[in-house]
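Trainee: Got a minute to walk through this one with me?
Mentor: Sure, put it up.

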Amino acid sequence: MNFTETLIELGGYWKHRPGARYLARLTSGKVSDTFANCGVVTNRPRLEFFANQLMAKAILEWGGKVPTPDYVCGPAFGAILLAYHVANAFNCESIFTEPTYDLFYNDNEI
């Protein structure tokens with residue numbers, strides 16, 4: 001079983017039928033006909049380790065298309081371990097970010 005099949009089995013992968021209304025609205029505001037919810041993986045350590053290894057391997061296989069980074073950064077909500085494994089594959093540092101809510105609200109609005 002490959003990773004996509006595993007996501008499908010766990011209910012974390014949706015592919016829309018041709019002509020159907022899109023259901024996955026991305027944070028960019030665009031829509032997608034396919035959505036992978038990797039949240040179904042993060043509470044399963046062995047599966048997450050497998051997924052992170054696959055991602056790191058896929059990035060390394062791009063070869064010369066990806067320059068060697070100084071850092072690999074992952075968001076605190078769900079991708080710290082992914083960033084760690086990809087950074088390990090590139091032999092560089094791993095860092096993470098957290099949202100800064102004061103960028104979205106000012107004191108007068110709260």
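Mentor: We'll go from the overall layout to the helices, the cores and a few single residues.

Trainee: What kind of model is it?
Mentor: It is a predicted model.

Trainee: How many helices and strands does the chain have?
Mentor: The chain has 4 helices and 6 strands. Read from the N terminus, the order is α-β-β-β-β-α-α-β-α-β.

Trainee: And how much of the chain is buried?
Mentor: Of its 110 residues, 22% count as buried.

Trainee: What about long-range contacts?
Mentor: Take the contacts with a separation of 6 or more. Residues 24 or more positions apart account for 36% of them.

Trainee: On to helix packing. At what angle do α1 and α3 cross?
Mentor: Roughly 145°. The axes of α1, residues 3-10, and α3, residues 45-61, come within 11 Å.

Trainee: Left-handed or right-handed?
Mentor: The crossing of α1 and α3 is left-handed.

Trainee: Which residues make that contact?
Mentor: From α1, they are F3, T6 and L10. From α3, they are L47, F50, A51 and L54.

Trainee: How do those divide by type?
Mentor: The contact of α1 with α3 has 6 nonpolar residues, 1 polar and no charged.

Trainee: Now the interior. Which residues make up the largest nonpolar core?
Mentor: There are 8: A56, I59, V72, A83, V86, A87, F90 and C92.

Trainee: Which element gives the largest share of this core?
Mentor: That is α4, with 4 residues. Both α3 and α4, residues 80-90, supply at least two each.

Trainee: Is there a second core, and what is in it?
Mentor: Another core, of 6 residues, lies apart from the largest one. V40, V41, L47 and A51 are among its residues. L47 and A51 also take part in the contact of α1 with α3.

Trainee: Back to α4. Which of its residues are buried?
Mentor: A83, H85, V86, A87 and F90.

Trainee: What do they pack against?
Mentor: The buried residues of α4 pack against α3, β5 and β6. Here β5 is 71-75 and β6 is 93-97.

Trainee: Zoom in on A87. What does it touch?
Mentor: Leaving out residues up to four places away in sequence, A87 touches V72, C92, E93 and S94.

Trainee: C92 again. Buried or exposed?
Mentor: C92 is buried because its relative accessible area is 19%, and the cut-off is under 20%. C73, at 44%, counts as partly exposed.

Trainee: How many disulfides, then?
Mentor: The count comes to 0.

Trainee: What happens just after α4?
Mentor: N91 takes a positive phi of about 60° there. N91 is not a glycine. Most residues other than glycine have a negative phi.

Trainee: Where is N91 placed?
Mentor: N91 is in the loop between α4 and β6.

Trainee: Why does N91 count as exposed?
Mentor: N91 counts as exposed because its relative accessibility is 72%, and exposed means over 50%.

Trainee: Last one, P18. Where is it found?
Mentor: P18 is in the loop between β1, residues 13-15, and β2, residues 24-25. P18 is exposed, with a relative accessible area of 84%.

Trainee: How far apart are P18 and D33?
Mentor: In sequence, P18 and D33 are 15 residues apart. In space they are 8.5 Å apart, C-alpha to C-alpha.

Terms used: Residues are numbered from 1 along each chain as its sequence is written. This is a predicted model: local features need pLDDT of at least 70, side-chain atom pairs count only at pLDDT 80 or more; totals for chains, interfaces and linings use all residues. Side-chain values use heavy atoms; hydrogens and water are left out. Axes are lines fitted to C-alpha atoms, for helices over the stretch in contact, and angles run from 0 to 180 degrees between N-to-C directions. A crossing is left-handed if the near helix is turned anticlockwise from the far one by less than a right angle, and right-handed if clockwise. Contact means heavy atoms within 4.5 Å. Ala, Val, Leu, Ile, Met, Phe, Trp, Tyr, Cys and Pro count as nonpolar, Asp, Glu, Lys and Arg as charged, and the others, Gly among them, as polar. A disulfide is a pair of cysteine sulfur atoms within 2.5 Å. Buried means under 20% relative accessible area, exposed over 50%, partly exposed in between (1.4 Å probe, protein chains only). A nonpolar core is a set of buried Ala, Val, Leu, Ile, Met, Phe, Trp, Tyr and Cys residues joined through side-chain atoms within 4.5 Å.
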